[in-house]
Amino acid sequence: MKLIIGISGASGVGLGEKFIKKLPSKIEKYIIYSQNAKTVLKKEENRFFLDNSDISAPTASGSFKCDSMIIIPCSMNSLAKISCGIGDNLITRSAAVMLKEQKKLILAPREMPFSTIALENMLKLSKLGVIIAPPVLGYYAKSETLEDMEDFLIGKWFDLLKIEHNLYERWRG
Ligand SMILES: Cc1cc2nc3c(=O)[nH]c(=O)nc-3n(C[C@H](O)[C@H](O)[C@H](O)COP(=O)(O)O)c2cc1C
């Protein structure tokens, strides 16, 4: 599986990084940080760090054939650009490619509260098949620490990507 991970400049850049660390090593990871996402992970096997200003990178083309893309966290700025078809950096261009190729695109918008504009952008993208999966906790998971809470969120994103995991206890009724 080839997976693009975009990290934009919303609060929660650390959560995006933790998501990457928990991904199985067999997944090919193409990681793009926006200029506003300051923290950078060290290069490891099966990870390719792409420059957000390099719109000639492989993920900028549909011919690269990526399976899925997830943006954690997704700023309202990146959300707005994606919903309007603006591809002025590698994250937004790669998302535009996923849309045109009808591939799986997951956004984790981080803002509180959401403006009407942001909600309209999410609705528009949802109608196009984009999965809107913000970092919202489920209290049934009985999380006790911040790490448990983050594992719950990462587990929910893994579920959407069909990645096996044991990161949170499932509701059994
Ligand atoms: C400390 C800090 C926290 C921020 N948190 C958020 C946030 O949670 N959500 C958001 O949409 N923007 C947030 N912003 C604003 C974005 O960084 C800003 O809109 C930026 O233009 C996003 O660019 P990008 O989408 O290319 O990463 C934050 C900015 C700072 C400095």
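Which residues are buried in helix α2 (residues 76–84)? The legends below take up this question first and then turn to other parts of the predicted model.

**View 1. Helix α2 and the elements around its buried residues.** In helix α2, which spans residues 76–84, the buried residues are S78, L79, K81, I82 and S83. These buried residues pack against two strands, β4 (68–74) and β5 (104–109), and against two helices, α3 (90–100) and α4 (116–127). Just after α2 comes G85, whose phi is positive, at about 80 degrees.

**View 2. The crossing of helices α1 and α5.** The axes of α1 (residues 13–22) and α5 (residues 146–161) come within 10 Å and cross at roughly 65 degrees, and the crossing is right-handed. On the side of α1 the contact is made by L15, K18, F19 and K22, while α5 contributes E150, L153, I154 and W157. Sorted by character, the residues of this contact comprise five that are nonpolar and three that are charged, with no polar residue among them.

**View 3. The shell of residues around the ligand.** The ligand is surrounded by 13 residues, of which S8, G9, A10, S34 and M76 come nearest. Within this shell, eight residues are polar, three are nonpolar and two are charged.

**View 4. I55 in the loop between β3 and β4.** I55 lies in the loop that runs between β3 (47–51) and β4. Because I55 has 16 C-beta neighbours inside 10 Å, a count that falls short of the 20 needed for a buried residue but is above the 12 that would make it exposed, I55 is classed as partly exposed. When residues up to four places away in sequence are left out, I55 touches A60, L90 and R93. The C-alpha atom of I55 is separated by 27 Å from that of L160, a residue 105 positions away along the chain.

**View 5. The chain as a setting for the close-ups.** The chain has six strands and five helices, and from the N terminus on these elements follow the order β-α-β-β-β-α-α-β-α-β-α. The C-alpha atoms fill a box of roughly 45 × 40 × 30 Å along the principal axes. The radius of gyration is 15 Å, which agrees with the value near 16 Å for a compact globule of 173 residues. Buried residues make up 38% of the 173 residues, and among contacts with a separation of 6 or more, 67% join residues 24 or more positions apart.

Technical notes: Residues are numbered from 1 along each chain as its sequence is written. This is a predicted model: local features need pLDDT of at least 70, side-chain atom pairs count only at pLDDT 80 or more; totals for chains, interfaces and linings use all residues. Helices (H or I, at least four residues) and strands (E, at least two) are DSSP runs, numbered from the N terminus. The radius of gyration is taken over C-alpha atoms; the globule rule is 2.2 Å times the number of residues to the power 0.38. Two residues are in contact if their C-beta atoms, placed from the backbone, lie within 7 Å. A residue is near a molecule or strand if its C-beta atom, placed from the backbone, lies within 6 Å of it. Ala, Val, Leu, Ile, Met, Phe, Trp, Tyr, Cys and Pro count as nonpolar, Asp, Glu, Lys and Arg as charged, and the others, Gly among them, as polar. Axes are lines fitted to C-alpha atoms, for helices over the stretch in contact, and angles run from 0 to 180 degrees between N-to-C directions. A crossing is left-handed if the near helix is turned anticlockwise from the far one by less than a right angle, and right-handed if clockwise.
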